[in-house]
Amino acid sequence: MRIRIVDAFTDRPFAGNPAGVLLLDAFPDDARLQNVAMEVNHAETAFTHRLPEGGEADWALRWFTPATEVALCGHATLAAAHVLVTTGAHRGPVRFATRSGVLIATPEADGSITLDFPTAPLTPVEIPDGVAGALGAEPLRTFDTGPNTGDLLVEVADEKTVRALAPDHKALARHSERGIIATARAEDPSRGYDFVSRGFFPNVGIDEDPVTGSAHTALAPFWSQRLGRPVLTGLQASPRSGLVRTEVRGERTLLSGHAVTVIEGDLLV
């Protein structure tokens with residue numbers, strides 16, 4: 001198996017969110033996929049194989065964290081599409097068959113890739129008891145992001161609060177199915193982003209995710225409604241950091257970003 005490590009949602013190496021990508025002839029058993037993802041030990045590893053021509057999708061795609069398979073992942077989808085395009089394995093838009101339906105990745109003229117994902121349905125919920133202490137900040141509002149992601153979206157006071165968070169990850173795990181997304185409006189939009197976020201996903205083995213594409217299917221409609229614009233840019237303020245361009249189109253949200261391949265090698269076992 002040829003394996004690549006791709007930094008997604010960045011145009012430079014050692015930033016953004018790293019993902020493993022493997023192009024296969026077919027999926028091996030789940031235990032094999034999980035073991036490879038555990039060995040890669042990044043937030044997600046993407047496994048994809050070509051599908052027969054004439055169907056609704058071109059490639060099958062699955063995502064595994066070091067601990068479990070997930071239903072939706074943005075950065076590993078971007079990474080997989082980047083590998084397909086840059087290696088010549090696929091030309092033009094890529095249709096992926098996934099657990100979250102058919103997802104389309106479109107290469108752009110500037111070298112970025114745009115993902116077409118389902119918009120997360122946001123449901124206001126009461127601020128759960130204990131979430132403020134676990135997160136280390138007082139929530140202003142909280143929302144459930146629906147079945148595809150299973151997160152709790154938490155708005156906090158300002159960008160400084162988001163950047164300063166030092167949560168109790170074990171305590172956070174009790175408050176959502178997958179994780180917690182903390183967000184605030186950008187302090188200075190002239191810096192090139194409209195909102196800021198951080199994502200904590202201890203329930204799937206990721207204390208803090210560097211850049212979470214799928215979280216932006218909830219962040220984009222949340223901030224588009226408040227800022228009055230369908231097209232925005234989000235900064236995920238992890239130590240690695242990364243930018244996600246978003247555009248809300250009703251039930252679909254477009255997520256755009258660059259990617260860089262940093263490692264190529266062979267899986268020997």
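This note reviews the aromatic contacts and the charge-over-ring contacts of a predicted model.

1. Aromatic pairs. The model holds 4 aromatic pairs. One of these is formed by Phe143 and Phe222, whose ring centres lie 5.3 Å apart. Their planes make an angle of 70 degrees, and the arrangement is edge-to-face.

2. Placement in the chain. Phe143 belongs to strand E10 (residues 141–144), while Phe222 belongs to helix H6 (residues 216–227). The two parts are 79 residues apart in sequence, and the ring pair therefore ties them together.

3. A further pair at Phe222. Phe222 also pairs with Trp223, with 5.0 Å between the ring centres. Here the planes stand at 90 degrees, so this pair is likewise edge-to-face, given that an angle over 60 degrees places a pair in that class.

4. Burial. Phe222 has a relative accessible area of 1% and is buried. Trp223, at 3% relative accessibility, counts as buried. Phe143 is also classed as buried, because its relative accessibility of 10% falls under the 20% limit.

5. The cluster. Phe143, Phe195, Phe222 and Trp223 are linked by ring pairs into a cluster.

6. Charges over rings. The charged end of Arg226 sits over the ring of Phe222, at 3.6 Å from the ring centre. Phe222 thus deserves attention on two counts: its ring belongs to the cluster, and the charged end of Arg226 sits over that ring. A second contact of this kind involves Arg62, whose charged end sits over the ring of Phe27, 5.4 Å from the centre.

Conventions:
Residues are numbered from 1 along each chain as its sequence is written. This is a predicted model: local features need pLDDT of at least 70, side-chain atom pairs count only at pLDDT 80 or more; totals for chains, interfaces and linings use all residues. Side-chain values use heavy atoms; hydrogens and water are left out. Rings of Phe, Tyr and Trp (its six-membered ring) pair if their centres lie within 6.5 Å; planes under 30 degrees apart count as stacked, over 60 as edge-to-face and the rest as tilted. Helices (H or I, at least four residues) and strands (E, at least two) are DSSP runs, numbered from the N terminus. Buried means under 20% relative accessible area, exposed over 50%, partly exposed in between (1.4 Å probe, protein chains only). A charge sits over a ring if NZ of Lys or CZ of Arg is within 6 Å of the ring centre and within 35 degrees of the ring normal.
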